[in-house]
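Got your viewer open? Load the model, pick a cartoon view, and keep the selection box handy.

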Amino acid sequence: MPTSGTASQLTGVIAVVLLTAVVVLGVLVNRQGRLPGLPRFASLSLHRYLSLLAVGFLAVHILTAVAGPFARIGLIAAVVPFASAYQPVWLALGAVSFDLMAALIVTSLLRRHIGRRSWRAVHWLAYACWPTALAHSIGTGTGMRSGRLLDLAVACILAVLAAAGWRLAGSLRAVPRARRVPELMAALALTPEPALMPEPALMPEPEPPCDG
């Protein structure tokens, strides 16, 4: 019969997979705010739906981790890094990932009040949620270090790297050789944020017109 421990592990793995999908979509979205071959509203809806699912599974993961009869961590450890003496480093990474998501939630709700620049700066932190969450899963879950779950973790890493490589290669192909370096830097700076909340990402700045 499933226990709170197995439920916490399962929901944690699902949350990492969903967060990986969110990051991959964020990297693949082009400068028009949509995925290749999909209209803009479909891309944003898919991104928003997966983001909400990731947050939902993360919430269940935290609650089941601290509510079990043999739980060795408290709710405060899910929010404050190094608040637990049990696996302090790995739990701290999980707390950091949760705090970053919480910051994304709050700034998404207050986007109209805090200004575009502040909102955009905070949402760059979305890229840090994924590696910290993945490291937390591997460090705290022994099952993630071998077998099929390890294969799943490797697949998540390869998916993000492949998406980033595809995006950078497309940026290089789209410009003449003499302008590849500045255009590549612009592409990295203007990549749309992988918004984790049901708030559509702002349209990036338009590219300057080509010389000549």
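We'll start with the whole chain, then go to one helix pair and two residues.

**Stop 1: the whole thing**

Keep in mind that this is a predicted model. Colour by secondary structure and you'll get eight helices and zero strands. Walking along from the N terminus, the elements read α-α-α-α-α-α-α-α.

Now switch on a surface. The protein exposes about 11,700 Å², and 71% of that comes from carbon and sulfur atoms. Of the 212 residues, 37% are buried. If you like contact maps, take the contacts with a separation of 6 or more: 68% of them link residues 24 or more positions apart.

**Stop 2: H3 against H6**

Select residues 88-109 for helix H3 and residues 126-140 for helix H6. Two numbers are worth having here, because packed helices are described by the angle between their axes and the distance between those axes. For this pair the angle is about 150° and the axes are 8 Å apart. Anything over 145 degrees counts as roughly antiparallel, so H3 is roughly antiparallel to H6. Turn the view to look through one helix at the other, and you have H3 passing H6 in a left-handed crossing.

Next, show side chains where the two meet:

- On H3, pick Trp90, Leu91, Leu93, Gly94, Val96, Ser97, Leu100, Met101 and Leu104.
- On H6, pick Ala126, Ala128, Cys129, Thr132, Ala133, Ala135, His136, Gly139 and Thr140.

What classes of residue make up the contact of H3 with H6? Colour by class and you'll find 12 nonpolar, six polar and no charged residues.

**Stop 3: Thr132**

Stay in helix H6 and centre on Thr132. Is Thr132 buried or exposed? Its relative accessible area is 15%, and the cut-off for buried is under 20%, so Thr132 counts as buried. Leaving out residues up to four places away in sequence, Thr132 touches Leu93, Val96 and Ser97. Those three are also on the H3 side of the helix contact.

Before moving on, draw a C-alpha to C-alpha distance from Thr132 to Val16: you should get 10.0 Å, for two residues 116 apart in sequence.

**Stop 4: His61**

Last selection: jump to helix H2, residues 40-67, and pick His61. His61 is buried too, with a relative accessible area of 16%. Which residues does His61 contact, beyond neighbours within four places in sequence? Show Ser8, Thr11, Gly12 and His136. You've met His136 already, as one of the H6 residues in the contact with H3.

Methods: Residues are numbered from 1 along each chain as its sequence is written. This is a predicted model: local features need pLDDT of at least 70, side-chain atom pairs count only at pLDDT 80 or more; totals for chains, interfaces and linings use all residues. Side-chain values use heavy atoms; hydrogens and water are left out. Axes are lines fitted to C-alpha atoms, for helices over the stretch in contact, and angles run from 0 to 180 degrees between N-to-C directions. Helices (H or I, at least four residues) and strands (E, at least two) are DSSP runs, numbered from the N terminus. Angles under 35 degrees count as roughly parallel, over 145 as roughly antiparallel, 65 to 115 as roughly perpendicular and the rest as oblique. A crossing is left-handed if the near helix is turned anticlockwise from the far one by less than a right angle, and right-handed if clockwise. Contact means heavy atoms within 4.5 Å. Ala, Val, Leu, Ile, Met, Phe, Trp, Tyr, Cys and Pro count as nonpolar, Asp, Glu, Lys and Arg as charged, and the others, Gly among them, as polar. Buried means under 20% relative accessible area, exposed over 50%, partly exposed in between (1.4 Å probe, protein chains only). Accessible areas come from the Shrake-Rupley method with a 1.4 Å probe; for residues, only the protein chains shown count as cover.
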